[in-house]
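Could you walk me through this model in the viewer? I'd like to know what to select at each stop and what I will find there.

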Amino acid sequence: MRVPAAPVLGGMVFVMAASLISMPLCLPSWLRFVMSVTLGISIGSRAQVRIDRKTAGTAFCFVLLVVGGSLVIGRALFHLGIPYRTAFFASLLGGLNEMVFMAQEFEIDSVQVVLFQTVRMCLLLAVIPVLARRLPASERHPRANVDTAAALSRFDWGVLLLCSTALSLLLSWLHVPAGKLLGAALVTALYTRTSPFKPRLHPMWHSAALSFIGGSAGMQVTAAGLLSLPGLIVPLLAYLCLTALAVALAYLLVRRAGGCDALTALFSASMGGLSPSIAAADAMGADVAAVTAFQILRYFSVIILALTLGYLL
């Protein structure tokens with residue numbers, strides 16, 4: 001049906017519907033690990049980001065925009081009646097799971113944090129691919145020429161998967177945020193640059209992994225969370241408007257200062273979930289390496305900001 005980012009959105013909508021009718025669903029830890037490693041290999045096989053002075057300046061301004069935007073939105077929510085600490089954690093433009101986890105660690109009202117973070121994530125994951133589809137062909141990232149590198153043998157795949165798994169487990173054990181995804185991406189990027197072989201994921205396997213990533217996002221939506229929406233209409237509308245403004249400013253920054261094509265800039269500026277945003281960019285043909293770089297910058301800058309606010313507020 002030519003739906004934008006179909007694997008990601010399909011998984012999210014299906015699991016969201018099941019969650020809303022109280023169907024008992026869970027995401028086994030081993031499946032989350034497989035999804036993260038699969039996406040990491042996909043990212044690492046195309047990691048071609050070169051950091052020069054211009055890119056570094058754009059990245060620094062991008063981080064300032066994300067951090068400053070989160071603080072401004074938090075202040076606005078506080079003035080609209082949301083408790084002080086809850087307002088700032090609900091406004092952080094980072095990953096939903098990480099923000100909720102840290103809110104619980106600092107004994108903040110995680111119910112409202114879940115609600116605001118879920119609305120932001122789901123809305124952006126649904127809207128950004130639709131906007132991307134409307135971009136003209138001239139504004140999209142040019143498709144790379146067909147790669148003539150040899151495919152990996154079973155032995156090569158075994159080495160790559162073993163090393164990716166080992167580093168992913170190590171980073172997870174060290175409690176590095178997104179450690180599973182980053183471990184596989186780093187190993188694959190190094191392998192791709194030093195080997196004449198190029199990893200190629202089977203399209204069906206790749207699509208299945210993307211649909212599970214979308215499903216993990218849809219699992220965050222609950223009937224209880226939706227029932228609490230009416231009493232928070234005004235703060236939510238203000239929150240979404242300010243978030244849309246932050247996304248628009250980030251898009252202009254990445255597009256003009258960073259020199260990225262419009263499609264890549266749009267997904268780079270998306271303030272949705274880390275893995276779903278990268279997966280949607282991958283499905284629609286954006287420059288995944290550039291999108292991943294900006295998304296990880298956003299992710300870690302917000303993690304640091306959340307820890308700082310948790311101890312200071």
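Start by selecting helix 2 and helix 8 (residues 179-194) in this predicted model: their axes come within 7 Å and cross at roughly 35 degrees. The crossing is right-handed. Now show side chains where the two helices meet. On the helix 2 side, the contact involves Arg32, Phe33, Ser36, Val37, Leu39, Gly40, Ile41, Ile43 and Gly44. Facing them from helix 8 are Lys180, Leu181, Ala184, Ala185, Thr188, Ala189 and Thr192.

Next, keep helix 2 alone, residues 29-44. Its 16 residues reach 22 Å from the first C-alpha to the last, close to the 22 Å expected at 1.5 Å a residue. Most of this helix is covered, with twelve of the 16 residues buried. Among the buried ones are Leu31, Met35 and Thr38, and the list also includes Phe33, Val37 and Ile41 from the contact with helix 8.

Then move on to the largest nonpolar core, which has 68 residues. Select Leu77, Phe89, Leu92, Phe116 and Phe267, the members that touch the most others. Helix 14 (residues 288-312) gives this core its largest share, ten residues. Apart from this core lies another, of six residues, including Leu9, Leu96, Met121 and Cys122.

Zoom in on Phe267. Leaving aside residues up to four places away in sequence, Phe267 touches Ile128, Pro129, Ala132, Ser277, Ala280, Ala281, Met284, Ala286, Val291 and Gln295.

Finally, color by pLDDT. The chain's mean is 81, and 84% of its residues reach 70 or more. Among the elements, helix 11 (residues 233-257) has the highest mean, 93, and strand 1 (residues 150-151) the lowest, 60.

Terms used:
Residues numbered from 1 in each chain as written. Predicted model: local features only at pLDDT ≥ 70, side-chain atom pairs only at ≥ 80, totals over all residues. Heavy atoms only, no water. Helix = DSSP H or I, 4+ residues; strand = E, 2+ residues; numbered from the N terminus. Expected span 1.5 Å × (residues − 1). Buried < 20%, exposed > 50% of the residue type's maximum accessible area, 1.4 Å probe, protein only. pLDDT = per-residue confidence, 0-100. Core = buried A, V, L, I, M, F, W, Y, C linked by side-chain atoms within 4.5 Å. Contact = heavy atoms within 4.5 Å. Axes fitted to C-alpha atoms, helices over the stretch in contact; angles between N-to-C directions. Left-handed = near helix turned anticlockwise from the far one by under 90°.
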